[in-house]
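Visitor: I have a structure on my screen and no idea how to read it. Can we walk through it together?

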Amino acid sequence: MTAAPPLRTAARTADAAPAPYRLHATARIRAEAADGVTDLPLLHGDGPFALRRLRPRGAQARVCTLNTMSAPHNGDRLRIETAVGPDADLHVISAAATVALPGRTPDHSVLDAALRVDDSARLQWLPEPVISAAGSDLRQHTRIDLAGTARLVLSEQLILGRAHEPPGRLASRITVRRDGRTLLDQHNAYGPGAPGWDGPAVLAGNRAVGQLLVIDPAYQDHPPGTHILDGVPPRAHGVITPLAGPGVLLTAVAPDAGDLRRCLDAALHHLDL
C-alpha cells in the first residue's frame, strides 16, 4: 500500500498567523469662492470617510464627515486633506465620535488632518470627539497652514476610554503655521506608557480633554485676555489664553464628554463665536 503524501500545504495554512490588516485612506475637500458663495469642486471620500454636503449657511459651505466603517484600528493610516481657497468660507463637522480601536497588528494607528486656509478665507473645523478605547494606540496630528488674513476656528475633543474602561494610548499634536511662521506646535500624550499623564499636573483623574483654537487677524491689535471660564460644570476646568500672534487657545479638562462639551460651548459664547 502506498502511503499518502504528507499534508504540508494544509499544515502550513493551519499554523500560519493571519496577515495583519492595515487600512490606508485619504479623503480630500477643496472649497473655492464663486459669485459670492463658497463652492465645493472637490469632495472625495475614501476608506471610512464619507463626505456629505450640508445645506449652505449664507455664503458658507458646510460639509459633514461620516465614518462608514469601524476605524481606525491599530495599524491603520487615515488622512483628511482640506484646502480653502481665497475668500472662501467652509464649516466642517462630523456626524459622530471617532473611536480608536485595537487591531490585529501591534502598530499604532495614524489619524492626520492637513488643513490649508488661503487669504481672506475662513475655516471652522469642529468635529465630534475622538475616543481612545482600551488597547488602542492612536497618533493624531493636525497640521494647519494659514495665510496672513485667514481665519480659523478649530476644536479638538479627546475622550480617554469608553464608559467604565481604561483608555488606550493617545498622542495628539497640533501644528499651526501662519505666513510661513510657526504660531503653535503643541504635543500631548495620554494613556499607558505616557509619563505623568494622569497626575495632578496633567489630567488629575479627568478622562476628557479638549482645546478650542481661534485665529483671527482682528486679534492682532486687541487680543482677548487670559480668562478662566465660569458658568461651566463644577467638575470641569477651562482657561482661555492669548497666543503670541493673532489667536487664542482654550484648554479644558473634564471628567466626561458631556462636561467637556459644555466647557467648549462656554468658551465659544465668551468669544462671541
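Guide: Sure, let's start with contacts, meaning heavy atoms within 4.5 Å. Among the contacts in this protein with a separation of 6 or more, 70% are between residues 24 or more positions apart. Before we go on, this is a predicted model, where local features need pLDDT of at least 70 and side-chain atom pairs count only at pLDDT 80 or more, while totals for chains, interfaces and linings use all residues. Residues are numbered from 1 along each chain as its sequence is written, and side-chain values use heavy atoms, with hydrogens and water left out.

Visitor: What is the mean pLDDT of the protein?

Guide: pLDDT is the predictor's confidence in each residue, on a scale from 0 to 100. Here the mean is 91, and 93% of the residues reach 70 or more. Residues 7-17 are another story: pLDDT stays under 50 there, and the model gives them zero contacts beyond four places in sequence. Where pLDDT is low, the predicted coordinates should not be read in detail.

Visitor: Okay. How many helices and strands are there in the protein?

Guide: Both are DSSP runs, numbered from the N terminus: helices are H or I with at least four residues, strands are E with at least two. This protein has two helices and 18 strands. Its C-alpha atoms fill a box of roughly 95 × 50 × 35 Å along the principal axes.

Visitor: What share of the residues count as buried?

Guide: Buried means under 20% relative accessible area, exposed means over 50%, and partly exposed is in between, using a 1.4 Å probe and protein chains only. Of the 273 residues, 48% count as buried.

Visitor: Let's try one. Is Ser94 buried or exposed?

Guide: Ser94 counts as buried because its relative accessibility is 10%. You'll find Ser94 in strand E6, residues 89-94. Now look for polar contacts: pairs of N or O atoms within 3.5 Å, where, within protein, one must be able to donate a hydrogen and the other to accept it, and residues adjacent in sequence count only if both atoms are side-chain atoms. A polar atom of the Ser94 side chain lies 2.7 Å from the backbone nitrogen of Glu128, and one lies 3.5 Å from the backbone oxygen of Ala96. Setting aside neighbours within four places in sequence, Ser94 is in contact with Cys64, Thr65, Leu126, Pro127 and Glu128.

Visitor: And which backbone nitrogen does the side chain of Thr38 reach?

Guide: That of Asp89, at 2.9 Å from the Thr38 side chain. Thr38 sits in strand E2, residues 37-44, and it counts as buried because its relative accessibility is 13%. Not counting residues up to four places away in sequence, Thr38 touches Ala31, Glu32, Ala33, Ala59, Ala61, Ala88 and Asp89.

Visitor: How do I read a pocket, and what volume does the largest pocket have?

Guide: Rolling a probe the size of a water molecule over the atoms shows where empty space is left. On a 1 Å grid over the protein atoms alone, using a 1.4 Å probe, a pocket is an open set of points with protein on both sides within 12 Å along at least five of seven lines; lining residues have an atom within 4 Å of a point. A volume is the space filled by probe spheres set on the points, which are joined across faces, edges and corners. The largest pocket comes out at about 480 Å³. Its lining has 29 residues, and Thr98, Leu111, Trp125, Pro127 and Val130 lie nearest the centre. E12 gives the largest share of the lining, four residues.

Visitor: Which backbone oddities should I look at?

Guide: Try Asp35, which has a positive phi of about 55° although it is not a glycine. Asp35 lies in the loop between strand E1 (24-34) and E2, and counts as exposed because its relative accessibility is 83%. Ser120 also has a positive phi, near 60°, in a residue other than glycine. Ser120 is in the loop between E8 and strand E9 (122-126), and is partly exposed, with a relative accessible area of 40%. Then there's a cis peptide bond joining Ala71 and Pro72, with omega about 5°. Pro72 is in the loop between E4 and E5.
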